[in-house]
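Q: Please take one part of this model and go over it closely: the aromatic side chains, and then the spaces in the fold. I'd like a connected account rather than a list.

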Amino acid sequence: MLVDNCLDPGDLADAFVQRLDRLHSAPKVAQQVLQLTRDPESRIDDIVNCIEHDPGLAAKILQVVNSAKYGVSRRITSIKHAVSYLGKDAIRMLTVSFSMVESLTKRSKGRIFADYWQRALTIASISSHLADHHKCLKKDETYTAGLLADVGILVFSQVEREQYSLIYESYPHGEALVKGERQFFGFDHALLGARLMDFWELPHEMVVAIEHHHDTGQHGCPLGMAVRTGSLLAGSLWNRNSEEFAEAEDLLISFFDFEEPQIEQMIEECRADIAESAEFFGVNLEG
């Protein structure tokens, strides 16, 4: 269905988010955690009690806080300690990453599901690694932004399942897919994902980074540059002759002060990290 080009893309995307909210309710515990972590008056004990009602979410939060990403000196074994250590913002991002995204992918079609996770884990891993190369970046924020960069694809797949599947199969991921989405819906998955993240009240800088991760100009925003670089490499990691890889290499050298040997080292580390993360999320990336 072609749309009227006079309609505002942001308004159209917001309407799509509202349709998702009506058609596909988020897990109850996740909704409660998001509400509590947004409330400045909420108590840590309230958040802990809520998380403990979802053993799967609780286990994953403990696994994350004890991972190498946080480097705690002594193993954390209680949700209360984990929530206190991570803080409300990190708990909100982890809840979105685990409960919300996993619930959206469960009903996505085969190729969309596989492509989403392969790109999401690649962008997340690369973005997280880049946090070591810029003083304004934090690993948890860059990882979450990378994981959620393409979440708009999942929303399209939930709300317009059959029509979007045809569009997705017709265009390669990147500029061609973005143009196809705009032609049929009046907006693209990057804007749709950003509007959903804004609806869930994630940090504004993350919302902007997601909205523009397919744009060439990020105006020097470190988080946007990290996610853009990750997005480029997600489509070119195994094809070094592509234009996307060349652009990513330029960004790594010019913005993140990489030298070529460091690029190779980061790519090898990210491949190992992607495999580990796939196991963590229970995703099979083979075939």
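A: What follows starts at one ring, works outward through its partners, and ends with the cavity and the pockets. Keep in mind that this is a predicted model.

There are twelve aromatic pairs in the structure. A good place to jump in is Phe 16 with Phe 156, an edge-to-face pair with 5.4 Å from centre to centre and 70° between the planes. Phe 16 belongs to helix H1 (residues 9-23) and Phe 156 to helix H9 (residues 151-159), so this contact ties together parts that are 140 residues apart in sequence. Both Phe 16 and Phe 156 are buried.

Phe 16 has another ring partner, Phe 187: the centres are 5.4 Å apart and the planes sit at 75°, so this pair counts as edge-to-face too. The span along the chain here is 171 residues, because Phe 16 is in helix H1 while Phe 187 is in the loop between helix H11 (175-185) and helix H12 (189-199). Phe 187 is buried, as is Phe 16.

Step back a little and these contacts become part of a cluster: ring pairs link Phe 16, Phe 156, Tyr 164, Tyr 168, Phe 185 and Phe 187. Phe 16 also has a charged neighbour, since Arg 19 lies over the face of that ring, at 5.1 Å from the ring centre.

While we're at helix H9, have a look at Leu 154, which sits in that helix. Leu 154 has a relative accessible area of 0%, so it's buried. Its C-alpha atom is 9.8 Å from that of Leu 192, and the two residues are 38 apart along the chain.

Now follow the cluster's tyrosines, Tyr 164 and Tyr 168, into helix H10. Within H10 (residues 161-170), the buried residues are Tyr 164, Ser 165, Ile 167 and Tyr 168. Looking down the axis of H10, those buried residues fall within an arc of 165°, so they line one face of the helix. Leu 166 and Ser 170 are exposed, on the other side of H10. The general pattern behind this is that an α-helix has 3.6 residues a turn, so residues three or four places apart point the same way.

Tyr 168 is also where the rings meet the empty space. Alongside Ile 112, Asp 115, Tyr 116, Arg 119, Asp 150, Ile 153 and His 173, Tyr 168 lines the largest cavity. There is just one cavity of 30 Å³ or more in the structure, and about 30 Å³ of space lies in it. Helix H7 (residues 110-130) supplies the largest share of its lining, four residues. By class, the cavity lining comes out as four nonpolar, one polar and three charged residues.

Helix H7 turns up again in the largest pocket, where H7, helix H4 (55-65), helix H6 (88-105), helix H8 (139-148) and helix H16 (260-281) each give at least two residues to the lining. This pocket holds about 520 Å³ of space. It's lined by 25 residues, and the closest to its centre are Ser 67, Lys 69, Tyr 143, Asp 273 and Ser 277. H16 contributes the most, with seven residues. Sorted by class, the lining has eleven nonpolar, seven polar and seven charged residues.

Then there's the second largest pocket, with about 380 Å³ of space. Its lining has 18 residues, and Gly 174, Glu 175, His 214, Arg 228 and Glu 244 are the closest to the centre. H11, helix H14 (222-234) and helix H15 (243-254) are the elements that give two or more residues to this lining, with H11 giving the most at four. Here the classes split into three nonpolar, six polar and nine charged residues.

One residue at that second pocket deserves a last look: Arg 228, which lies in helix H14. Arg 228 counts as buried because its relative accessible area is 6%, below the 20% cut-off. Its C-alpha is 4.7 Å from that of His 213, with their positions 15 residues apart in sequence.

How values were computed:
Residues are numbered from 1 along each chain as its sequence is written. This is a predicted model: local features need pLDDT of at least 70, side-chain atom pairs count only at pLDDT 80 or more; totals for chains, interfaces and linings use all residues. Side-chain values use heavy atoms; hydrogens and water are left out. On a 1 Å grid over the protein atoms alone, a cavity is a set of points where a 1.4 Å probe fits but cannot get out, and a pocket is an open set with protein on both sides within 12 Å along at least five of seven lines; lining residues have an atom within 4 Å of a point. Grid points are joined across faces, edges and corners, and a volume is the space filled by probe spheres set on the points. Ala, Val, Leu, Ile, Met, Phe, Trp, Tyr, Cys and Pro count as nonpolar, Asp, Glu, Lys and Arg as charged, and the others, Gly among them, as polar. Rings of Phe, Tyr and Trp (its six-membered ring) pair if their centres lie within 6.5 Å; planes under 30 degrees apart count as stacked, over 60 as edge-to-face and the rest as tilted. Buried means under 20% relative accessible area, exposed over 50%, partly exposed in between (1.4 Å probe, protein chains only). A charge sits over a ring if NZ of Lys or CZ of Arg is within 6 Å of the ring centre and within 35 degrees of the ring normal. The arc is that of the directions from the helix axis to the C-beta atoms.
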